[in-house]
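Colleague: Thanks for sitting down with me. Could you walk me through this one, question by question?

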Amino acid sequence: MSTEPLLLPGAAGAKAAEQQQRKGRRVGIDEALSAHAGEFGRWQLRHFVLVSAAWALEALHTMVIIFADREPAMVCAAAGGAGCGDRCAGAAAGWEWADGAASSTVAEWGLVCGERYKVGLAQAVFFAGCMIGAGVFGHLSDSFLGRKGSLQVVCVLNAAFGLLTALAPNYWAYAALRLLTGFSTGSVGVLAFVLATEPIGPSRRGAAGMSTFYFFSGGIAALAGVAALFPRSWRTLYVVTSLPSLAFVAAVVPFVSESPRWYLVRRRADDAMRVVRAIAAANGRAVPDDVALKLDDEDEEGKGADGPADASSGSIVDVFRSGTTRVRLVLSVLINLLASVVYYGLSLNVVNLKTNLYVSVVANSLAEMPAYLLTALLLDRFGRKPLAIGTMLLSGVFCTAGSLIAGAGIMRVVRMACGVVGIFGMAATYNLLFIYTAELFPTVVRNAALGCTAQAAQMGAIVAPLVVVLGERVPFAVFGASGIVGGLLVFYLPETMNKPLYDTMAGLEEGEKTTLLE
């Protein structure tokens with residue numbers, strides 16, 4: 001016989017209410033940030049700056065090839081400049097490199113004339129490594145390694161491979177090490193972007209995400225300054241550009257927090273709440289004791305629509321299983337590939353300006369910054385989709401115009417201006433696509449999806465140099481068509497402005513159904 005006292009209906013209801021109150025409210029991370037911890041306070045600002053510094057590291061490892069593989073000036077060693085033969089014969093014909101044979105890989109290994117293709121091959125191999133690494137580390141960061149752990153690993157590998165590159169005994173060893181460096185470099189930006197933006201509230205996430213590319217452009221400008229200090233040794237340049245990755249791991253990573261969203265999808269709710277409470281404390285706010293975190297497909301009992309949720313990790317296979325995310329991924333891959341062809345293709349034209357290489361690289365990197373500012377200011381006013389369409393079409397139209405202009409006299413300047421507007425528009429698009437793509441996918445597969453689109457972007461980077469060698473007007477036509485087609489494809493993507501950053505696939509599907517019914 002039960003010894004429990006009989007309760008009247010009213011008393012039973014009161015007891016249930018008391019138990020529910022003791023249990024507390026369960027909210028998603030976006031709501032916890034917006035209502036309690038703060039969307040972008042001191043904690044998020046500090047964390048954002050520290051993590052985004054990794055973008056500068058990616059710029060160093062990616063763009064160092066501009067200076068290490070440059071073709072220095074040649075001087076005739078014969079008295080009065082007479083008696084020198086074919087330049088392709090090099091020293092045998094009396095020619096010497098102005099900055100010495102150790103100034104670049106081209107000078108040291110004679111990568112000129114019939115061997116010049118090897119310069120482009122090394123660049124293509126690097127981006128091929130980026131393409132592979134982006135997918136591998138994108139998956140690892142969504143699974144057991146996490147965002148912070150993955151970023152730490154790739155930075156250590158970057159430093160190691162970069163230092164080994166400085167010791168390369170011959171060209172083929174150099175190309176192999178550039179492949180390995182690309183493998184670890186290709187995911188640095190994606191990992192830093194996700195880790196920097198996931199703890200930020202929904203209304204501030206877009207503008208913050210758009211600001212990450214300032215660090216990349218700043219890294220390129222800094223690289224030009226460093227390269228100018230070591231014009232006579234490409235090996236020293238590799239050492240100097242690799243050491244900052246070690247400094248980042250030792251001095252920055254220990255002060256960076258793992259993403260609370262990753263903790264949550266890995267079923268580590270206590271760790272996620274610890275980070276949220278730290279955010280609130282640093283921002284001068286507090287999270288009530290009765291608040292607990294939940295995934296967006298969980299109910300108050302911590303169960304999903306089909307029972308206990310099991311969303312601790314996901315892969316690219318899970319993206320393809322859902323019709324919603326499958327279409328988004330295919331479109332995102334195509335758009336990122338086309339944007340990359342245009343962005344890297346137009347950037348490579350810096351060597352054709354016939355001006356001081358160091359000054360040209362700095363000017364090119366600084367010219368992109370107004371595009372980043374413009375998109376950051378307009379992102380939350382017009383939305384992701386209209387801005388992506390507008391910037392891609394702007395770039396495409398001006399590149400197409402450039403292909404119709406003959407490169408003679410003053411018209412050469414006009415065509416160059418078309419290229420400047422083209423890279424302005426595509427730099428804005430390239431930056432925008434990071435925040436836009438991240439918001440299209442839930443936390444459980446976000447880095448896997450971003451890794452896939454990053455692979456597509458690297459494929460575009462491999463294609464870009466092959467387009468540039470087609471002549472003066474044909475590349476502009478290809479860039480114009482790529483920009484226009486990319487802009488039209490964006491029409492088929494949904495707007496993500498002011499929408500929740502979903503944690504699970506089920507949460508995304510349910511949210512999309514609710515949107516369609518409204």
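Modeller: Gladly; what follows is a set of questions and answers on a predicted model.

Colleague: Let's begin with charge pairs. How many salt bridges does a search of the whole structure find?

Modeller: Side chains of opposite charge can pair when their charged atoms come close. One such pair here is Arg 205 with Asp 30, and another is Asp 271 with Arg 268. Searching the whole structure gives a total of eleven salt bridges.

Colleague: Which helices does the salt bridge between Arg 205 and Asp 30 tie together?

Modeller: The closest N and O atoms of Arg 205 and Asp 30 are 2.8 Å apart. Arg 205 is buried at 3% relative accessibility, and Asp 30 is buried too, at 13%. The two sit 175 residues apart in sequence, so the pair ties together helices α10 (residues 202–210) and α2 (residues 29–37).

Colleague: And Arg 147, which residues are linked with it in a network of salt bridges?

Modeller: Start with the Arg 147 and Glu 198 pair, where the closest N and O atoms are 2.9 Å apart. Arg 147 lies in helix α7 and Glu 198 in the loop between α9 and α10, so parts 51 residues apart in sequence are tied together. Both Arg 147 and Glu 198 are buried. The network links Arg 147 with Asp 142, Glu 198 and Arg 446.

Colleague: Are Asp 271 and Arg 268 buried or partly exposed?

Modeller: These two form a salt bridge with the closest N and O atoms 2.9 Å apart. Buried means under 20% relative accessible area. Asp 271 has 22% and Arg 268 has 35%, so with that cut-off Asp 271 and Arg 268 are both partly exposed.

Colleague: Turning to helix α11, within what arc do its buried residues fall?

Modeller: Helix α11 (residues 212–229) has 18 residues and reaches 27 Å from its first C-alpha to its last, close to the 26 Å expected. Its buried residues include Phe 213, Phe 216, Ile 220, Leu 223 and Ala 227. An α-helix has 3.6 residues a turn, so residues three or four places apart point the same way. Seen down the axis, the buried residues of α11 line one face of the helix, within an arc of 155 degrees.

Colleague: Now the empty space: which helix gives the most to the lining of the largest cavity?

Modeller: The search finds four cavities of 30 Å³ or more, and the largest holds about 250 Å³ of space. Its lining has 22 residues, with Glu 58, Tyr 430, Phe 434, Ala 457 and Gln 458 nearest the centre. Helices that each supply at least two of the lining residues include α4, α6, α16 and α20. The most comes from a helix that gives five residues, α21.

Colleague: How many residues of that lining are charged?

Modeller: The lining of the largest cavity includes 13 nonpolar residues and eight polar ones. The number of charged residues in the lining is one.

Colleague: Last topic, backbone angles. What is the phi of Arg 267, roughly?

Modeller: Arg 267 is found in the loop between α13 (260–265) and α14 (269–282), and Arg 267 is partly exposed, at 37% relative accessible area. Cys 113, in the loop between α5 and α6, also has a positive phi, near 55 degrees. For Arg 267, which is not a glycine, phi is positive at about 65 degrees.

How values were computed
Residues are numbered from 1 along each chain as its sequence is written. This is a predicted model: local features need pLDDT of at least 70, side-chain atom pairs count only at pLDDT 80 or more; totals for chains, interfaces and linings use all residues. Side-chain values use heavy atoms; hydrogens and water are left out. A salt bridge is a side-chain nitrogen of Lys or Arg within 4 Å of a carboxyl oxygen of Asp or Glu. Helices (H or I, at least four residues) and strands (E, at least two) are DSSP runs, numbered from the N terminus. Buried means under 20% relative accessible area, exposed over 50%, partly exposed in between (1.4 Å probe, protein chains only). The expected span of a helix is 1.5 Å times one less than its number of residues. The arc is that of the directions from the helix axis to the C-beta atoms. On a 1 Å grid over the protein atoms alone, a cavity is a set of points where a 1.4 Å probe fits but cannot get out, and a pocket is an open set with protein on both sides within 12 Å along at least five of seven lines; lining residues have an atom within 4 Å of a point. Grid points are joined across faces, edges and corners, and a volume is the space filled by probe spheres set on the points. Ala, Val, Leu, Ile, Met, Phe, Trp, Tyr, Cys and Pro count as nonpolar, Asp, Glu, Lys and Arg as charged, and the others, Gly among them, as polar.
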